Amino acid sequence: MTTDPLVVFTPSGKRGHFPVGTPVLTAARQLGVDLDSVCGGRGICSKCQITPSYGEFPKHGVTVSDDALSEWNAVEQRYDDKRGLKAGRRLGCQATVQGDIVIDVPPESQVHRQVVRKAATARAITMDPATRLYFVVVEEPDMHSPTGDLERLERALREQWHIDAVTADLSLMSKLQPVLRKGKWEVTVAVHKGHKDSVAKVVEIWPGLHESGLYGLAIDLGSTTIAAHLTDLETGEVKASSGLMNPQIRFGEDLMSRVSYSMMNPGGDQEMTKAVREAINDLSTSIADEAGIDADLIVETVFVCNPVMHHLLLGLDPVELGQAPFALATSESMSLPAREMDLTKMNPRAQVYILPCIAGHVGADCAAVALSEEPGKSEDLVLIVDVGTNAEILLGNTSRVLACSSPTGPAFEGAQISSGQRAAPGAIERIEIDPVTKEPRFRIIGSEKWSDEVGFDQDVATTGITGICGSGIIEAVAEMRIAGLLDESGLIGSAEQTGTTRCVPEGRTHAYLIHDASAEGGPRITVTQGDIRAIQLAKSALYAGARLLMDVMEVDKVDRVVLAGAFGAHISTKHAMVLGMIPDAPLDKVSSAGNAAGTGARIALCNITARSEIERVVREITKVETAIEPKFQDHFVAANAIPHKTDPFPELSQVVTLPSPTFNSAGGADEKSGRRRRRRS
């Protein structure tokens, strides 16, 4: 057993042991980690910046000491003096491994930048924003009527726009007089009045008629990705959508890992809060640049997020969410100035609204899905599944709405998968396996061509074929089941059992080979038995959560299923059903809602009446706690089979026929009965 230090890279999850003194860049290259460098490791280009993390990491099974990397050296100091490095950053070509270490590769250091697939969904929204523009003509000062400029601005708003009273921060007051005089007493003001405010607030002022617009951000703060939609507050039009990886991944890929990090590392919650706020500031700057607007024109932000992200965004320790009864510091909606959250890359007087949480593990993101999809107004029984690292599930109709969360883990995002990666150019996102020849064909992000089509090689010459993302691994496992490479229990057969040499031995199990470029120095992409198990655990948690809600509702079938979230928008309904991710339903009754949480955030940004509505709705939703329901475990175990051990999935059987081989590790196969042979103990 090696005594070399363990190096764990996030967000890829790749890990390996390396001798003391190994440069981080070398370790990354040997593991196939996506870490950029163009200067040959001389500390000139800064492309290989990394962020080491220290403390207890139960998820990775390591404790990282302060001396796990070599000391800051002269090359790093020279670069920092000339160009500057963010606090906590190191250069991967200079820092060497001295002990067990967890290293985050930030987005700007990745060659293949993640494609955050949470684009805005087209939606008609009634415009009634909290922040509006008003052009006013203000009475000039008069020695015979000694009133202040703010009071005369207030009078103009009351007389010309029927706004009874306004306040203004000191920072706005400091620019009020020069702007009034520059505009010759004609100015445009941005006035914010939330749905619970009794007095409006002037948040910005411009001389004359302001025609450069007014904007807000709708942000879906997820465990893995942060997606933002820059929205015109006058028209509701989405001017730009952008996103990035949640940097908290380096503290733990799933929510409980982050809660654990906070428990075991004093000040860990503050580290995670700082990291996510800095990321949001970076995102605000980049999305404003993309849209070609001044970031000061962003005057409002709406957040939706799960409870752990909610607490870490607000700077609240999430420790209580890690243990029963999973108490939130607050479940109510919140309205506060952006500056209180250190959000500095927008208007200095910008306002923040955070949707209410439903319960301890059902957060504001689920509330946003409810606002967008309105299950409580559905005449038929609808199951809404927001698929992610932590899945939120809603079941309901006009009579009742239930909600729960289910810990699916990061496998659906491509993490914890042997050849897995985040969604980025070069990642396999679609796959088909011929049921006769067992040969695969696939499509990667960045090309519309399939791998067996003319021109594919030219299309992928720039990005290469780098790995497989979440939607790709789901389709791969489902296709393997359809093609008979995988039995009901999830066991991969041998070459002799399956009739293809693509099923290769791997230890005591087998793997299916999708693509092999190892001869040219490229990756060897396989689906291993470990990958199958990771997907089984994730899909079983998803199914069990949905089935538990159906038990509470006392139904065996649902009328329709809606898949929400970035993942839900990119997985085919057939493959989701083959895996048994969701209860059986007619395929034409299974649809995608895209990024429903992001849509809910946009609705709340553009319409203050919707804020009142969702605050009312969440009080009427019944929360079901999966952690204390005995039936959840029963459903989970039965759902480990593909598609399911006891549910016959009759609707699915009308669309696809699943073969029933049963493989065993001794090498035998039973094609007649669909049951595994018993082996002697």
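**Asking why about a predicted model**

This predicted model has a chain with 18 helices and 31 strands.

Q: Why is H8 called roughly perpendicular to H16?
A: Start with the axes: helix H8 (residues 364-373) and helix H16 (residues 608-620) cross at roughly 110 degrees, and their axes come within 10 Å. Angles from 65 to 115 degrees count as roughly perpendicular, so that is the label H8 gets relative to H16. As for handedness, H8 passes H16 in a right-handed crossing.

Q: Which residues of H8 and H16 meet?
A: On the H8 side you'll find Ala367, Ala370 and Leu371, and they meet Ala610, Ile614 and Val618 of H16.

Q: What makes the contact of H8 with H16 nonpolar, polar or charged?
A: Just sort its residues: six are nonpolar, none polar and none charged. Ala, Leu, Ile and Val are among the kinds that count as nonpolar.

Q: How do you know whether Val166 is buried or exposed?
A: Check its relative accessible area, which is 8%. Buried means under 20%, so Val166 is buried. Val166 sits in strand E9 (residues 166-168). Leaving out residues up to four places away in sequence, Val166 touches Glu154, Leu157, Val199, Ala200 and Val202. And across the whole chain, buried residues make up 59% of the 681 residues.

Q: How do you know what radius of gyration to set the chain's value against?
A: Use the length: a compact globule of 681 residues would have a radius of gyration near 26 Å. The chain has 27 Å, so the two agree. Along its principal axes, the C-alpha trace spans about 105 × 70 × 55 Å.

Methods
Residues are numbered from 1 along each chain as its sequence is written. This is a predicted model: local features need pLDDT of at least 70, side-chain atom pairs count only at pLDDT 80 or more; totals for chains, interfaces and linings use all residues. Side-chain values use heavy atoms; hydrogens and water are left out. Axes are lines fitted to C-alpha atoms, for helices over the stretch in contact, and angles run from 0 to 180 degrees between N-to-C directions. Helices (H or I, at least four residues) and strands (E, at least two) are DSSP runs, numbered from the N terminus. Angles under 35 degrees count as roughly parallel, over 145 as roughly antiparallel, 65 to 115 as roughly perpendicular and the rest as oblique. A crossing is left-handed if the near helix is turned anticlockwise from the far one by less than a right angle, and right-handed if clockwise. Contact means heavy atoms within 4.5 Å. Buried means under 20% relative accessible area, exposed over 50%, partly exposed in between (1.4 Å probe, protein chains only). The radius of gyration is taken over C-alpha atoms; the globule rule is 2.2 Å times the number of residues to the power 0.38.
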